Amino acid sequence: MSFIADRLNRIKPSPSSMATQRARALKAAGHDVVGLTAGEPDFDTPPNVVEAVVRAMAASKTKYTDIGGTPELKAAICDKFLRENQLTYSTNEVIVGTGGKQVIFNALMATVQKGVEVIVPAPFYVSYPDIVLLAGGTPVPVMCPPDKGFKLQPEDLERAITPRTRWLVLNAPNNPSGAVYSRQELRALAEVLLRHPHVWVLSDDIYEHVLFDGREFCTMAQVAPELKERTLTVNGVSKAYAMTGWRIGYCGAPAELIKAITKLQSQSTSNPSSIGQAAALEALTGPQGFIAERTKIFQDRRDAVVAQLNAIPGITCHSPEGAFYVFPSCAGVLGKKAPDGRVIKTDEDFVLYLLDAEKLAGVHGAAYGCAPFFRFSFATSMAVLDEGCARLKRACERLT
Ligand code: PLP
């Protein structure tokens, strides 16, 4: 009998983290790697946040806090939900976790078990299905047609719902496709959900502020207030405030679910880092102007990268509406042969070929439940992105 518990055999390591580690290892070994795997802004954490943390440390805010977060941060989160999303949550309806990922993990662990299904529109953030599997449940991927902008269609949602469905996981702006739902599109999904009162919605809004072309952000509980009592609205400071390393995420949900998440958190991590919370408090309550400036930079990079990708034979790239990833199709290179004789049969073959031949690191689309695509992050400088596109072009031109 293995020393490692069976439940670990149900999951795999996060493919995007593995790809990032592979690129880091190659770099450490002296290779000139262009790494486009990581999902984190290349900007610094804003200086006012860093200064607030220094003050918090000097004031000994370095001890355990309440399990679910400090009262100040919880109040700031309630204010944020009201100010930006017109959602009214009281402090017993929010909780702070160690990143949005822990919030999602805890919520699914608290509610999913054997016999429970979770609808995960594909392409999806790599962790959703594996967390569901770890909890003993069954992820139900539903393909979102690329020709419909990678968005879940109401009729596909309707077909996927069974009496065993507990959650629909929605993520927009989407990692990896960048898809964003309009108010009407969300409302159409809500109409389906209203016919199935046993299904809850996990709305992962972590890329809320990385939204292009002046689009309006909306979230399910806001568009369909009737669903608020069965919606978990997840957010965090990682992406909007360039604070991935601080590990602070949060959510709003009915008090009963928050209580269950708190119970789980009390027996695992306890409170999220106290100084991380001080940082998040300043991020949410301090100046917000830089967010729009950074989003504009992401948008300019998107435009430049999408144009370069679409000029490469064999690659076609949809323009993302938000987040900081491109998710191009590599269908046009499948079946071709690399100079070393290998045949590119899948998107994973292609991504490995790029790494071997050009030291260019991306993540294959199958990891996100959608092939044959691949994901590049454009949360890096334009110089690196230009070099990445040049390497991609060279690699594609060498295929015969
Ligand atoms: N949700 C999505 C869609 C993500 O892409 C990520 C990170 O890449 C997370 C959640 C988790 O973010 P964090 O744990 O840093 O808050």
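**Ligand shell, helix packing and unusual backbone geometry**

Student: In this predicted model, how many residues surround the ligand, and which are the closest?

Tutor: The closest residues to the ligand are Gly-99, Gly-100, Lys-101, Gly-236 and Ser-238. These belong to a shell around the ligand whose full count is 13 residues.

Student: Which helix gives the largest share of the shell around the ligand?

Tutor: Among the closest residues are Gly-99, Gly-100 and Lys-101, and the helix in question spans residues 99-111. It contributes 3 residues to the shell, the largest share, and is helix α5.

Student: How do the residues of that shell divide into nonpolar, polar and charged?

Tutor: The shell holds 2 nonpolar and 2 charged residues. The rest of the division is the polar class, with 9 residues.

Student: What confidence does the model carry, as mean pLDDT of the chain?

Tutor: The model scores ipTM 0.99 and pTM 0.96. Of the residues in the chain, 100% reach a pLDDT of 70 or more, and the mean pLDDT is 96.

Student: Are α3 and α11 parallel, perpendicular or oblique to each other?

Tutor: Helix α3 (residues 47-58) and helix α11 (residues 274-285) pack with their axes 8 Å apart, at an angle of about 135°. Angles over 145 degrees would count as roughly antiparallel and those from 65 to 115 as roughly perpendicular, and the angle here falls in neither class, therefore the two helices are oblique.

Student: Is the crossing of α3 and α11 left-handed or right-handed, and which residues of α11 does α3 meet?

Tutor: Where α3 passes α11, the crossing is right-handed. On the α3 side, the contact is made by Asn-48, Val-49, Ala-52, Val-53, Ala-56 and Met-57. By class, the contact has 9 nonpolar, 1 polar and 1 charged residues. The residues of α11 that α3 meets are Ile-275, Ala-278, Ala-279, Glu-282 and Ala-283.

Student: Where does Pro-123 lie, and is the peptide bond from Ala-122 to Pro-123 cis or trans?

Tutor: Pro-123 lies in the loop between β3 (117-122) and α6 (127-134). Omega of the bond from Ala-122 to Pro-123 is near 5°, and the bond is cis.

Student: What is omega for the peptide bond from Ala-172 to Pro-173?

Tutor: Pro-173 is placed in the loop between β5 (165-171) and α8 (183-194). The bond that joins Ala-172 to Pro-173 is cis, with omega near -10°.

Student: What is the phi of Asp-213?

Tutor: Asp-213 is found in the loop between β6 (200-204) and α9 (220-223). Although Asp-213 is a residue other than glycine, its phi is positive, with a value near 55°.

Notes
Residues are numbered from 1 along each chain as its sequence is written. This is a predicted model: local features need pLDDT of at least 70, side-chain atom pairs count only at pLDDT 80 or more; totals for chains, interfaces and linings use all residues. pLDDT is the predictor's confidence in each residue, from 0 to 100. A residue is near a molecule or strand if its C-beta atom, placed from the backbone, lies within 6 Å of it. Helices (H or I, at least four residues) and strands (E, at least two) are DSSP runs, numbered from the N terminus. Ala, Val, Leu, Ile, Met, Phe, Trp, Tyr, Cys and Pro count as nonpolar, Asp, Glu, Lys and Arg as charged, and the others, Gly among them, as polar. Axes are lines fitted to C-alpha atoms, for helices over the stretch in contact, and angles run from 0 to 180 degrees between N-to-C directions. Angles under 35 degrees count as roughly parallel, over 145 as roughly antiparallel, 65 to 115 as roughly perpendicular and the rest as oblique. A crossing is left-handed if the near helix is turned anticlockwise from the far one by less than a right angle, and right-handed if clockwise. Two residues are in contact if their C-beta atoms, placed from the backbone, lie within 7 Å.
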